[in-house]
Amino acid sequence: MPVSRRTLAVAFTACLALSLSACGSGDDGGGSTDASGKVEGDITFQTWNLRANFKPYFEGVIADFEKKYPGTHVKWVDQPAEGYADKISADAAGGTLPDVVNVSPDLVAPLAKAGLALDLDKAAPQYKKEYLAGAWASHEIPGMTGTYAFPWYLNTGPLFYNKSLFEEAGLDPDQPPKTYDELFADALELADKSDGEVATLANVPTIEDFGRYGVELMNKEGTAFSFNDAKGVELLTKYKELYDAKALDPQALTATPESSGKKFLTGAVAMNPGSALDLGNFKKQAPNLYKNIGITDQITSTGHVNMYVMGVMVNAQTKKTPAAVAFAHFVTDAEHQMSFAKQVAIFPSTAGSLDDPYFTKEDGTDETRVRVAAAKSLKNAVNYTPVLFSEQMKTALRNEIAKALQGKESPREALDNAVEACDRLLQQQG
């Protein structure tokens with residue numbers, strides 16, 4: 001599923017980025033950046049762990065494309081989730097990168113820097129208006145001009161909360177926190193009233209949380225991180241207060257999305273992020289929780305929720321640029337995104353699609369309520385995770401946050417050290 005596929009994505013290592021840069025620019029001996037010629041020829045399309053569940057869908061899309069453009073042939077290959085980034089890197093280094101590739105923004109960045117991702121702002125600017133502005137911008141690379149993949153499907157989700165736990169703490173179960181101040185106050189109250197037995201949150205803050213809080217994560221040139229500013233320190237200081245009061249789960253330092261979900265299911269944690277996919281789980285595995293489930297919006301200081309985004313990139317060295325661009329657009333156009341969204345709980349990135357009744361009309365079920373709320377929030381959502389923020393950087397930030405929460409470093413020291421480590425890794429990426 002989309003969110004779990006994203007968490008499996010591993011960013012390129014420093015040596016990988018260097019090996020890619022050795023491939024040279026896509027302008028050398030590669031394909032043309034002109035997408036205006038006749039759409040014809042054989043191309044290869046690579047997806048990311050989608051064949052098992054969606055084979056008929058993709059075979060149908062390919063058949064429709066080949067019918068629309070006689071003289072084209074699309075070979076579809078699908079790679080497993082595990083090791084996907086490594087597979088892309090090996091193909092890129094070996095000159096065997098497919099013509100059209102399913103990517104996430106962090107996978108696009110090193111390819112774009114190496115001249116292997118086609119700049120759609122130059123090659124196909126006419127399509128930009130068809131997509132949500134935030135989705136199109138998600139495949140821009142700091143320090144570079146251009147957009148390096150068509151946005152494909154999006155995902156986001158609300159915050160779920162356990163109404164009975166709120167009620168037991170004397171809080172209004174129908175008035176969940178809407179701001180960070182309310183969240184922190186309610187969390188301390190829940191911990192106090194339960195003698196530390198009930199935490200409100202189960203995860204330490206991630207780079208996305210700093211973004212939602214309004215922290216400026218990186219400079220506009222893409223040359224240095226900046227999440228150690230006053231607002232970043234303020235957020236981590238608040239989390240330290242929660243941790244000390246057991247309002248943040250004591251095992252948050254080693255938590256995974258799965259372990260956090262289990263804590264929420266068992267009533268050890270009062271709030272947890274999720275998506276429409278989770279409601280079925282609650283109904284089956286925790287019927288008592290399902291009866292008491294509350295659904296509220298993501299908390300943000302910016303007015304913009306976080307979104308996860310997948311994209312479809314065109315290889316800048318393809319010999320069949322018109323066909324590759326036409327197919328990448330075909331897969332991600334409004335009609336096909338809408339069709340895909342009705343098969344799985346994801347959301348289209350095309351402008352206007354979220355106004356479809358499927359995303360605006362409630363039918364009384366919680367599933368529809370979540371879908372409608374998520375679709376509404378996605379219209380101006382942003383992908384807070386910087387495209388240059390690698391898995392190594394996420395680890396460095398998490399390690400420093402752990403030191404701050406344990407009192408081994410001050411929040412300021414921890415974030416200064418995290419920024420220093422991330423900047424060093426950024427320079428190694430070239």
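## Questions on a predicted model

Mentor: In this predicted model, a polar contact of 2.6 Å links the side chains of Ser104 and Asp106.

Trainee: Where is Ser104 found?
Mentor: Start from the elements on either side. Strand β3 covers residues 100–103, and helix α5 covers residues 105–113. Ser104 is in the loop between β3 and α5.

Trainee: Is Ser104 buried or exposed?
Mentor: Buried means under 20% relative accessible area. The relative accessible area of Ser104 is 3%, so Ser104 is buried.

Trainee: How many of the nine residues of α5 are buried?
Mentor: Helix α5 is mostly covered. Its buried residues include Asp106, the contact partner of Ser104. Pro105, Leu107 and Val108 are also among them. The count of buried residues is eight of nine.

Trainee: Which residue with a positive phi follows α5?
Mentor: Look just past the helix, which covers residues 105–113. The phi there is near 75°. The residue is Gly115.

Trainee: Which strands stand at the edges of the sheet?
Mentor: The sheet is open, with six strands in the order β2-β1-β3-β8-β4-β9 and mixed pairing. An edge strand here has a single partner, so one side of it is left without a neighbour in the sheet. The edge strands are β2 and β9.

Trainee: Which helix packs on the sheet and touches β1, β2, β3, β4 and β8?
Mentor: Its direction makes about 25° with that of β4. The helix spans residues 321–332. It is α15.

Trainee: Which residue in β3 stands opposite Phe45?
Mentor: Strands β1 and β3 pair in the parallel sense over two bridges. β1 covers residues 41–48 and β3 covers residues 100–103. Opposite Phe45 stands Val100.

Trainee: How are the rings of Phe58 and Phe340 arranged, stacked or edge-to-face?
Mentor: The structure holds 31 aromatic pairs. In this one the ring centres are 5.7 Å apart and the planes stand at 65°. Planes over 60 degrees apart count as edge-to-face. The pair is therefore edge-to-face.

Trainee: How many residues apart in sequence are the parts that this pair ties together?
Mentor: Both Phe58 and Phe340 are buried. Phe58 lies in α3 and Phe340 in α16, so the pair links parts separated in sequence by 282 residues.

Trainee: Which ring has the charged end of Arg51 over it?
Mentor: The ring belongs to an aromatic cluster that also includes Phe45, Phe58 and Phe340. The charged end of Arg51 is 4.0 Å from the ring centre. The ring is that of Trp76.

Notes: Residues are numbered from 1 along each chain as its sequence is written. This is a predicted model: local features need pLDDT of at least 70, side-chain atom pairs count only at pLDDT 80 or more; totals for chains, interfaces and linings use all residues. Side-chain values use heavy atoms; hydrogens and water are left out. Buried means under 20% relative accessible area, exposed over 50%, partly exposed in between (1.4 Å probe, protein chains only). Helices (H or I, at least four residues) and strands (E, at least two) are DSSP runs, numbered from the N terminus. Two strands pair if DSSP finds at least two bridges between them. Contact means heavy atoms within 4.5 Å. Axes are lines fitted to C-alpha atoms, for helices over the stretch in contact, and angles run from 0 to 180 degrees between N-to-C directions. Rings of Phe, Tyr and Trp (its six-membered ring) pair if their centres lie within 6.5 Å; planes under 30 degrees apart count as stacked, over 60 as edge-to-face and the rest as tilted. A charge sits over a ring if NZ of Lys or CZ of Arg is within 6 Å of the ring centre and within 35 degrees of the ring normal. A polar contact is a pair of N or O atoms within 3.5 Å; within protein, one must be able to donate a hydrogen and the other to accept it, and residues adjacent in sequence count only if both atoms are side-chain atoms.
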